[in-house]
Amino acid sequence: MYSRLCGHPPPAAGTFPACIDRAHLRYRAAVGALATAGRVPDVLGCSITLADLEMTEGRLDDAERTFERALELAGSQVLRGTADMWVGLATVAWHRGDLTR
């Protein structure tokens, strides 16, 4: 299954998955396409995974922007996934050691 998804054999134990960049690009594209289609709840759902990938890579600023853009798109609507965006922002702050936000 892994080789079909990533196009190569699985990585050796203890190494960073080789297809993480590809997954990031595909999730970023999905978020953009879903936003264009007006599928805001789906954008929120994909944004969780996208930001998780960014946090895994140590890209906390990108993860924060991903959560913030999703919240901006949702606006004042209370949608499934909205609370997850706030939890994600809190997680980013926690990783930074900034518990005052």
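Modeller: A salt bridge is a side-chain nitrogen of Lys or Arg within 4 Å of a carboxyl oxygen of Asp or Glu. By this rule, the count here is 7 salt bridges. Keep in mind that this is a predicted model.

Colleague: What does the chain consist of, in helices and strands?

Modeller: The protein chain has 5 helices and 0 strands. Along the sequence, the pattern reads α-α-α-α-α. Of its 101 residues, 31% count as buried.

Colleague: What makes Asp 42 and Arg 39 a salt bridge?

Modeller: Their side chains meet at 2.8 Å, N to O. The cut-off is 4 Å, so the pair qualifies.

Colleague: Are Asp 42 and Arg 39 buried or exposed?

Modeller: Neither word fits. Asp 42 has a relative accessible area of 31%, and Arg 39 has 46%. Buried means under 20% and exposed means over 50%, so values in between are called partly exposed. Asp 42 is therefore partly exposed. Arg 39 is partly exposed as well.

Colleague: Why is the pair Arg 96 and Glu 64 called a salt bridge?

Modeller: The N to O distance is 3.1 Å. That lies within 4 Å, so the rule is met. The pair links distant parts of the chain. Arg 96 sits in helix α5 (residues 82–96) and Glu 64 in helix α4 (residues 60–74), 32 residues apart.

Colleague: How do you know which of Arg 96 and Glu 64 is buried?

Modeller: Set each value against the 20% limit. Glu 64 has a relative accessible area of 13%, so Glu 64 is buried. Arg 96 has 33%, so Arg 96 is partly exposed.

Colleague: Which residues do shared salt-bridge partners join into one network?

Modeller: Glu 57, Arg 59, Asp 62 and Arg 65. One of the salt bridges here is between Asp 62 and Arg 59, at 2.8 Å, N to O. Arg 59 is partly exposed, because its relative accessible area is 28%.

Colleague: Now the helices. Why are α2 and α3 called roughly antiparallel?

Modeller: Helix α2 (residues 20–36) and helix α3 (residues 40–56) pack at an angle of about 155°. Angles over 145 degrees count as roughly antiparallel, so the label applies. That makes α2 roughly antiparallel to α3. Their axes are 9 Å apart, and the crossing is left-handed.

Colleague: Which residues of α2 and α3 meet?

Modeller: From α2, they include Ile 20, Tyr 27, Val 31 and Leu 34. From α3, they include Val 43, Cys 46, Leu 50 and Leu 53. The residues of this contact divide into 10 nonpolar, 3 polar and 3 charged.

Colleague: What makes α4 and α5 roughly antiparallel?

Modeller: Their packing angle is about 160°, and their axes are 9 Å apart. The cut-off is 145 degrees, and an angle over it earns the label, so the term fits. α4 and α5 are therefore roughly antiparallel to each other. The crossing of α4 and α5 is left-handed. Among the contact residues are Leu 60, Phe 67 and Leu 71 of α4, and Met 85, Trp 86 and Leu 89 of α5. The residues of the contact divide into 9 nonpolar, 3 polar and 5 charged.

Colleague: How do you know whether Met 85 is buried or exposed?

Modeller: Met 85 has 0% relative accessibility, so Met 85 counts as buried. The limit for that word is under 20%. Met 85 is found in helix α5. Leaving out residues up to four places away in sequence, Met 85 touches Leu 44, Ser 47, Ile 48, Phe 67, Ala 70 and Leu 71.

Colleague: Is Ser 47 buried or exposed?

Modeller: Ser 47 is buried, because its relative accessible area is 2%. Ser 47 lies in helix α3. Beyond its neighbours within four places in sequence, Ser 47 is in contact with Val 31, Thr 66, Phe 67, Ala 70 and Met 85.

Colleague: And what is said of Glu 54, buried or exposed?

Modeller: Glu 54 is in helix α3. At 0% relative accessibility, Glu 54 counts as buried. Not counting residues up to four places away in sequence, Glu 54 touches His 24, Arg 28, Arg 59, Asp 62, Ala 63 and Thr 66.

Key
Residues are numbered from 1 along each chain as its sequence is written. This is a predicted model: local features need pLDDT of at least 70, side-chain atom pairs count only at pLDDT 80 or more; totals for chains, interfaces and linings use all residues. Side-chain values use heavy atoms; hydrogens and water are left out. Buried means under 20% relative accessible area, exposed over 50%, partly exposed in between (1.4 Å probe, protein chains only). Helices (H or I, at least four residues) and strands (E, at least two) are DSSP runs, numbered from the N terminus. Axes are lines fitted to C-alpha atoms, for helices over the stretch in contact, and angles run from 0 to 180 degrees between N-to-C directions. Angles under 35 degrees count as roughly parallel, over 145 as roughly antiparallel, 65 to 115 as roughly perpendicular and the rest as oblique. A crossing is left-handed if the near helix is turned anticlockwise from the far one by less than a right angle, and right-handed if clockwise. Contact means heavy atoms within 4.5 Å. Ala, Val, Leu, Ile, Met, Phe, Trp, Tyr, Cys and Pro count as nonpolar, Asp, Glu, Lys and Arg as charged, and the others, Gly among them, as polar.
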